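Please study the sequence and the model shown below before reading on. The paragraphs that follow lead through selected parts of it, step by step.

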Number of protein chains: 2
Amino acid sequence: MRAPASITRIFVSLGATALLCAAAGMAGLAAGHAQTANAPILEVPARAVPVPTTVSPQMAKIIGLPLRANWNVLPKTGEEWKPVADAGAAATIKNIPAMTERLHVKVEKTVIDGVRAFIVTPDVIPPENRNRLLIHVHGGCYVLNPGEAGLPEALFMAGFGHFKVIAVDYRMPPEAYFPAALDDGITVYKNAIKSTSPKNIAIFGSSAGGALALEMILKARQDGLPMPGAIAPGTPMSDVTKVGDTFVTNAMLDNVLVSPDGFCDAGTKVYANGHDLKDPLLSPVYGDMQGFPPTILTSGTRDLLLSNTVRVHRKLRQAGVEAMLQVYEGQSHAQYYRDDTSPEAKEAFEEIAGFFDKHLGK
Amino acid sequence: MRAPASITRIFVSLGATALLCAAAGMAGLAAGHAQTANAPILEVPARAVPVPTTVSPQMAKIIGLPLRANWNVLPKTGEEWKPVADAGAAATIKNIPAMTERLHVKVEKTVIDGVRAFIVTPDVIPPENRNRLLIHVHGGCYVLNPGEAGLPEALFMAGFGHFKVIAVDYRMPPEAYFPAALDDGITVYKNAIKSTSPKNIAIFGSSAGGALALEMILKARQDGLPMPGAIAPGTPMSDVTKVGDTFVTNAMLDNVLVSPDGFCDAGTKVYANGHDLKDPLLSPVYGDMQGFPPTILTSGTRDLLLSNTVRVHRKLRQAGVEAMLQVYEGQSHAQYYRDDTSPEAKEAFEEIAGFFDKHLGK
């Protein structure tokens with residue numbers, strides 16, 4: 001009985017949308033994959049993908065959104081990114097006051113050794129967290145979410161986890177290029193360890209922020225700094241060379257990043273500014289992970305960066321690092337911090353908070 | 001430069017294979033998903049999926065295999081399944097002698113309180129494992145892998161983990177139907193706890209075996225039996241009602257199970273023999289997981305049962321159970337125990353062994 005509707009949908013898809021999408025977004029998807037004349041290629045047919053019933057109503061709404069508008073508009077310079085970033089930021093910032101209220105946190109703007117930052121403080125900090133501090137590095141492909149627009153994930157963490165958070169508003173193009181974001185993160189960390197034991201500090205962030213959390217550990221080790229007590233890289237951009245299976249398998253399915261040939265990759269290239277994308281300070285999956293602090297990783301089954309996430313997980317475990325993976329049903333890239341009223345958001349950040357509680361000093 | 005080849009491939013796919021596959025395998029894929037007249041449906045275009053470069057050469061070979069032959073041949077009775085199971089078993093059993101040699105284990109056939117089983121003993125058992133015992137319940141959709149054909153995963157675990165394993169050769173259709181497999185598992189467990197402390201016992205298995213490991217815990221609790229020290233359900237058939245996002249998103253991509261409308265689902269229906277598929281003793285994701293022993297779950301990014309796996313992981317964590325998830329790059333259903341010479345197999349079972357070592361009594 002279901003078959004006719006389903007098949008019709010597939011044919012419609014083949015006739016119109018799919019061809020357009022394929023032409024626009026699938027070219028070059030095979031980059032970084034084994035492709036010789038004889039290499040086996042699996043032909044996967046078009047499909048009509050409904051919203052799963054296995055998620056909350058709030059998450060169903062997020063999963064049911066169409067592909068991100070302008071995912072294939074690719075600014076080529078820092079100057080071209082600026083108005084895109086500003087427009088996106090304005091939309092995000094509107095939601096911040098209500099979000100801080102719902103999450104019972106307050107936000108203060110500050111400057112730490114020359115780096116712009118925000119102090120996010122929950123109304124109630126339990127005794128075990130009073131000498132603990134989290135450092136947040138926001139996502140946005142190294143070009144998006146300036147200023148308060150970088151705050152949502154920090155608010156979720158402070159609100160659900162009841163930790164004090166310093167959110168780093170690191171420099172981005174066109175103000176500065178690689179390794180400016182990383183340098184700003186390290187500056188804040190260096191300042192923090194003057195007054196808080198590094199073992200009581202955790203670093204977290206998602207997407208570019210997930211990569212930055214990993215990059216900060218690589219850089220801290222290079223610079224001879226002590227390790228923090230734990231890190232939580234969410235769906236990290238751990239490989240920006242487009243290598244990883246889900247870049248292909250979840251393309252055009254992840255409604256946030258959409259395709260490895262989309263805006264996020266373009267933004268990273270602008271930030272890298274000609275620097276080798278395979279440098280572990282841009283693609284940390286290629287870094288040596290021996291001696292990393294305990295790490296919790298978060299992703300979703302539709303995440304374009306699911307491979308980026310599980311590859312880091314495996315590499316950490318191979319290096320003997322305590323590492324936990326959480327993968328959420330049906331979620332595309334970083335959707336666990338899209339709606340603070342979704343039970344999935346509360347769950348993801350409470351899980352991270354529990355991991356921090358287990359591994360941080362008091 | 002890459003675009004033309006890629007696009008050509010997509011068009012070829014749209015013109016031939018995709019339409020056939022779509023008609024044959026995609027009908028009804030939307031089962032169990034939110035589908036009202038207005039529910040958003042994402043149209044995902046056809047794609048040409050190469051083998052990722054991020055896996056070992058052995059795993060690349062496995063990932064590069066075409067879709068399982070006869071995945072859409074659906075026997076309807078236990079009697080119809082028998083010759084299919086026997087043919088598959090004959091092919092698998094050929095490989096057992098070389099496998100036991102490479103893995104340095106020996107196998108003895110036995111009967112435990114009327115249940116057929118095998119004792120798998122590694123050549124060397126380290127002192128910490130001498131009072132420990134693992135119970136294996138094999139996969140195969142409750143209808144496949146009779147006799148020695150159910151052994152490979154038990155051999156991997158014994159060989160890589162250096163534990164003694166009892167592999168349960170539980171009854172299957174047409175010999176017996178639900179709950180025969182579960183009953184046989186419980187019989188062996190009851191016998192084992194007479195001579196070994198339950199805290200020193202772990203239960204493991206993949207696919208139907210992963211579901212059985214979970215079902216045995218539900219049943220043991222119902223029967224007032226003590227809990228084992230740990231379990232390792234690999235890519236469990238935790239929901240046989242076709243609910244779960246990756247049933248759709250990984251359909252025709254997973255080259256083992258291929259589609260929720262394929263052979264595996266058909267086999268389970270025959271085993272269930274009219275019993276409600278939503279019963280937690282057939283779909284354990286619907287069971288109460290309070291008080292479950294520490295659990296390690298294994299899956300892959302292309303696994304049709306990735307959602308089945310991560311939903312169990314989240315449900316365990318929500319119940320406060322220590323639960324670890326490992327997800328392997330590019331792997332379809334249960335490919336971590338396909339080739340004992342692949343580094344991914346060694347890694348997956350050593351990870352499980354480490355988890356057992358951490359949680360089992362000595």
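**A guided reading of the model**

Arg311(A) has its place in helix H11 of chain A, which spans residues 306–318. The model is a predicted one. Is Arg311(A) buried or exposed? A residue counts as buried when its relative accessible area is under 20%. Arg311(A) has a relative accessibility of 14%, and it is therefore classed as buried.

The surroundings of Arg311(A) come from both chains. Setting aside residues up to four places away in sequence, Arg311(A) touches Asp239(A), Val243(A), Gly244(A), Val285(A) and Tyr286(A), together with Thr54(B) and Glu329(B). With one of these residues, Asp239(A), the side chain of Arg311(A) makes a polar contact of 2.9 Å. The chain also brings distant parts of the sequence together here: Arg311(A) and Ser238(A) are separated by 73 residues in sequence, while their C-alpha atoms are 8.6 Å apart in space.

The next topic is the sheet of chain A. Strands of a sheet pair through backbone hydrogen bonds, in either a parallel or an antiparallel manner. In chain A, 8 strands form an open sheet with mixed pairing, and their order is S4-S5-S7-S6-S8-S9-S10-S11. Which strands stand at the edges? They are S4(A), residues 105–112, and S11(A), residues 323–328; each has a single partner strand, so one side of each is left without a neighbour in the sheet. On average, neighbouring strands of this sheet are turned by 20° against each other, direction ignored.

The edge strand S4(A) pairs with S5(A), residues 115–122, in the antiparallel sense over 8 bridges. Within this pair, Lys109(A) stands opposite Phe118(A) of S5(A). A helix also belongs to this picture: H6(A), residues 152–161, lies across S4(A), S5(A), S6(A), S7(A) and S8(A), and runs at about 135° to S8(A).

Beyond the other edge strand, S11(A), comes a loop that leads to helix H12(A), residues 343–359, and Ser332(A) lies in this loop. Ser332(A) is buried, with a relative accessible area of 2%. Leaving out its neighbours within four places in sequence, Ser332(A) is in contact with Leu253(A), Asp254(A), Asn255(A), Val256(A), Arg302(A) and Asp303(A).

Burial can also be followed along a whole helix. How many residues of H10(A), which covers residues 263–272, are buried? The count is 9 of 10, so H10(A) is largely enclosed by the rest of the structure. The buried residues are Phe263(A), Cys264(A), Asp265(A), Ala266(A), Gly267(A), Thr268(A), Val270(A), Tyr271(A) and Ala272(A). Among the elements that cover them are helix H4(A), residues 78–93, and helix H7(A), residues 180–195. Just after H10(A), Asn273(A) adopts a positive phi of about 60°.

H7(A) also introduces the subject of helix packing. Two packed helices are described by the angle between their axes and the distance between the axes. H7(A) packs against H8(A), residues 208–222, at an angle of about 65°, and their axes are 10 Å apart. The two helices are therefore roughly perpendicular to each other. H7(A) passes H8(A) in a right-handed crossing. On the side of H7(A), the contact is made by Ala181(A), Leu182(A), Asp183(A), Gly185(A), Ile186(A) and Tyr189(A); on the side of H8(A), by Leu212(A), Glu215(A), Met216(A), Lys219(A) and Ala220(A).

Chain B offers a further helix pair. The axes of H6(B), residues 152–161, and H12(B), residues 343–359, come within 9 Å and cross at roughly 70°. That angle makes H6(B) roughly perpendicular to H12(B). H6(B) passes H12(B) in a right-handed crossing. Residues of H6(B) in this contact include Phe156(B) and Phe160(B), and those of H12(B) include Phe349(B) and Phe356(B).

The last stop is strand S10(B), residues 295–300, where 6 of 6 residues are buried. Thr295(B), Leu297(B) and Ser299(B) point one way from the strand, whereas Ile296(B), Thr298(B) and Gly300(B) point the other way. S10(B) runs parallel to S9(B), residues 230–234, and 2 bridges join them; here Gly234(B) has Thr298(B) as its bridge partner. S10(B) also pairs in the parallel sense with S11(B), residues 323–328, over 6 bridges. In that pairing, the bridge partner of Leu297(B) is Leu325(B).

Conventions. Residues numbered from 1 in each chain as written. Chains lettered and ligands numbered in written order. Predicted model: local features only at pLDDT ≥ 70, side-chain atom pairs only at ≥ 80, totals over all residues. Heavy atoms only, no water. Pairing = 2+ DSSP bridges. Helix = DSSP H or I, 4+ residues; strand = E, 2+ residues; numbered from the N terminus. Axes fitted to C-alpha atoms, helices over the stretch in contact; angles between N-to-C directions. Contact = heavy atoms within 4.5 Å. Buried < 20%, exposed > 50% of the residue type's maximum accessible area, 1.4 Å probe, protein only. Polar contact = N/O pair within 3.5 Å; in protein donor to acceptor, adjacent residues only side chain to side chain. Parallel < 35°, antiparallel > 145°, perpendicular 65-115°, else oblique. Left-handed = near helix turned anticlockwise from the far one by under 90°.
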